[in-house]
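This report introduces a structure to a reader who has not met it before. Please keep the sequence and the model in view while reading.

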Amino acid sequence: MVMLTDAEGLTLTASGDSAVGDIGLLSLAGWLDGVGVSAHRVDRLGDGTLTAVSRRTGRTLTITGRSRCASAEAAIVHARELAGMLSSGVGTLSVTQAGEMLTSHVRLDGAPKVSDRWHMLRRVDWEFPLHADDPHLYGPPQSAHLIQSGTGVGMRFPMFAEADGGVMSFGTAVMQDAPLSNPGNATAYPTYVVTGDLPSGFTLAQGDGLVRYDASCTSDAPVTVDMSGSVTVCGLDRTWLCGVARWAGVQPGETVHPMFSAPQGGGWAEATIYPTWI
């Protein structure tokens, strides 16, 4: 099943091509194809070339389908709706195959082709040329709630307790295990939204990655840490406030167990990861 949604919320869902009222998918070119790479090359003084780090190019897609309508009038109305799809130029393409849904952010890469010349047969043929600047395909998000390391630990001495009197204790640490997994075939980069009153900042550890944010964090202005390489507060870049910034993603097939800690105050972090394919 293929679902194309534009910025205005108009959705085209294509699955079968048999019964009246069906919107059938004829082809989806570029979805399962590999994506090329781009690299800048410079000639050496001797033989050969020097090549910069390769990066993936965008993904070119073409969706072709056929709609069967209940009447000729319905076919004309449907053709007009299709012609207005992606009027802002951008949208989201979601494809479900083998019970798994993957999503890509796309934009129009040409004029949509909508033919209603078959409207007397209650049929509309259509085609959408699309381009995804980000070639990756993303699965449904996984979320995890991270509590602050050391929660539950601290000296407790109830001096005026009844019965046998107070007993001093140092509490019991709350176990924290919030795994994040990436079953895809490309590196996925989690994001963390840290909320709380943390006057001396906080530290996030994830696999080989470590981010130490040295500025204060308040409940009114959560800090968003994107492990692809940025820290923002209310949409403003605050990456320069990190004392340590060792960015790291979650490799294909890897599961990480992130840890959240802070020297002062109290807070928590909400983690989100999108399994990633290429």
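The sections below describe a predicted model, beginning with its nonpolar cores and ending with a loop residue.

## Nonpolar cores

The largest nonpolar core of the model contains 28 residues, and Phe202 and Val225 have the most contacts inside it. Seven strands each supply at least two residues of this core: E14 (142–147), E18 (191–197), E19 (202–206), E20 (209–213), E21 (223–226), E22 (230–233) and E27 (266–273). Of these, E27 gives the most, with three residues. In soluble globular proteins, nonpolar side chains tend to be buried together.

Leaving aside residues up to four places away in sequence, Phe202 touches Val194, Val211, Arg212, Tyr213, Cys217, Val223, Val225, Phe260, Ser261 and Ala262. A second core, separate from this one, has 25 residues, including Ala75, Val95, Val106 and Val124.

## Helix H1

Helix H1 covers residues 72–83. Its 12 residues, at 1.5 Å a residue, should span 16 Å, and the C-alpha atoms at its ends are 17 Å apart, which agrees.

Which residues of H1 are buried? They are Ala72, Ala75, His78, Ala79 and Leu82. Viewed down the helix axis, the buried residues of H1 fall within an arc of 110 degrees, so they line one face of the helix. An α-helix has 3.6 residues a turn, so residues three or four places apart point the same way. On the other side of H1, Glu73 and Arg80 are exposed.

The buried residues of H1 pack against five strands: E2 (11–14), E3 (23–29), E8 (59–68), E11 (113–115) and E12 (123–132).

## Strand E20 and its partners

Side chains alternate along E20. Gly209, Val211 and Tyr213 point to one face and are buried, whereas Leu210 and Arg212 point to the other face and are not buried.

E20 pairs with E19 in the antiparallel sense over five bridges, and Arg212 of E20 is the bridge partner of Thr203. The hairpin formed by E19 and E20 has two residues between the strands, and Gly207 there takes a positive phi near 55 degrees. E20 is also joined to strand E24 (residues 242–246) by four bridges, again in an antiparallel arrangement. In this pairing, Arg212 stands opposite Val244 of E24.

## An open sheet of six strands

Strands of a sheet pair through backbone hydrogen bonds, either parallel or antiparallel. One open sheet of the model has six strands in the order E14-E27-E18-E21-E22-E23, with antiparallel pairing. Its edge strands are E14 and E23 (236–237), each of which pairs on one side only.

At the E23 edge, two bridges join E22 and E23 in the antiparallel sense. The bridge partner of Val233 in E23 is Leu236.

## Asn182 in its loop

Asn182 lies in the loop between strand E17 (180–181) and E18. Is Asn182 buried or exposed? Its relative accessible area is 1%; a residue counts as buried under 20%, so Asn182 is buried.

A polar atom of the Asn182 side chain lies 3.1 Å from the backbone nitrogen of Gly184. Not counting residues up to four places away in sequence, Asn182 touches Thr187, Ala188, Val250, Gln251, Pro252, Gly253, Glu254, Ile273, Pro275 and Thr276.

How values were computed: Residues are numbered from 1 along each chain as its sequence is written. This is a predicted model: local features need pLDDT of at least 70, side-chain atom pairs count only at pLDDT 80 or more; totals for chains, interfaces and linings use all residues. Side-chain values use heavy atoms; hydrogens and water are left out. A nonpolar core is a set of buried Ala, Val, Leu, Ile, Met, Phe, Trp, Tyr and Cys residues joined through side-chain atoms within 4.5 Å. Buried means under 20% relative accessible area, exposed over 50%, partly exposed in between (1.4 Å probe, protein chains only). Contact means heavy atoms within 4.5 Å. The expected span of a helix is 1.5 Å times one less than its number of residues. The arc is that of the directions from the helix axis to the C-beta atoms. Two strands pair if DSSP finds at least two bridges between them. A polar contact is a pair of N or O atoms within 3.5 Å; within protein, one must be able to donate a hydrogen and the other to accept it, and residues adjacent in sequence count only if both atoms are side-chain atoms.
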